[in-house]
Amino acid sequence: MAQCPFDHEGGKAPSQVPEIMDMTTPDEILCRLDDIPDGGVLGVDPPDPEGEPLLLTRRGNSVQAWLNVCPHAGRRMDYAPGLFLVKDDKLTCAVHGATFALREAGLCIGGPCRGQSLVAVRVQVKDGVVTRG
């Protein structure tokens with residue numbers, strides 16, 4: 001699995017998931033497009049230790065991003081740093097088994113938070129680099 005050059009340990013899990021995420025640092029570099037496997041998922045911890053961990057998905061040159069936080073438990077969804085349970089465009093939270101449809105805006109389609117969604121984060125791809133914005 002490709003690693004983003006900004007991955008680090010010690011990301012802070014929020015006590016609750018906000019409805020709208022205000023990303024106040026536009027153009028913050030998250031990783032290279034090629035770091036995300038096409039059709040796959042990459043976890044990115046921000047360079048700021050107080051920042052929120054992200055989950056990036058890629059289809060060709062298109063990237064979507066969400067907070068790496070389960071709306072049910074407020075915890076990270078990877079089972080180990082940067083490792084996710086993903087099959088057929090569905091992400092399963094390693095904590096309580098909630099399942100999210102990544103092609104349907106991160107909607108929870110099974111488990112304890114059915115009907116809720118992951119919190120989307122705006123990102124852009126320019127010159128092969130993924131940034132917030």
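Colleague: How many salt bridges does the structure hold?

Modeller: The structure holds six salt bridges, the term being reserved for a side-chain nitrogen of Lys or Arg within 4 Å of a carboxyl oxygen of Asp or Glu. This is a predicted model, in which local features need pLDDT of at least 70 and side-chain atom pairs count only at pLDDT 80 or more, whereas totals for chains, interfaces and linings use all residues. Residues are numbered from 1 along each chain as its sequence is written, and side-chain values use heavy atoms, with hydrogens and water left out.

Colleague: What makes E28 and R132 a salt bridge?

Modeller: Their side chains meet with N and O 3.7 Å apart, a value that falls within the 4 Å limit, so the pair qualifies. E28 lies in the segment before β1 (29–32) and R132 in strand β11 (residues 129–132), so the contact ties together parts that are 104 residues apart in sequence.

Colleague: Why are E28 and R132 placed in the class they have, buried or exposed?

Modeller: Buried means under 20% relative accessible area, exposed over 50% and partly exposed in between, with a 1.4 Å probe and protein chains only. E28 has 14%, so it counts as buried, and R132, at 6%, is buried as well.

Colleague: How do you know that D45 and R76 form a salt bridge, and which parts does the pair tie together?

Modeller: The N to O distance between their side chains is 2.9 Å. D45 lies in the loop between β2 (41–44) and β3 (54–59), and R76 in the loop between β4 (62–67) and β5 (85–87), so parts that are 31 residues apart in sequence are tied together. D45 is buried at 8%, while R76, at 22%, is partly exposed.

Colleague: What is the case for R59 and D89?

Modeller: The closest N and O atoms of R59 and D89 are 3.2 Å apart, and the two form a salt bridge. R59 lies in strand β3 and D89 in the loop between β5 and β6 (90–92), so this pair ties together parts that are 30 residues apart in sequence. R59 is partly exposed at 23%, and D89 is partly exposed at 26%.

Colleague: Which residues are joined into one network by salt bridges that share partners?

Modeller: D45, R76 and D78 are joined in that way.

Colleague: How many helices and strands are there in the chain?

Modeller: The chain has zero helices and 11 strands, where helices (H or I, at least four residues) and strands (E, at least two) are DSSP runs numbered from the N terminus. Of the 133 residues in the chain, buried residues make up 41%.
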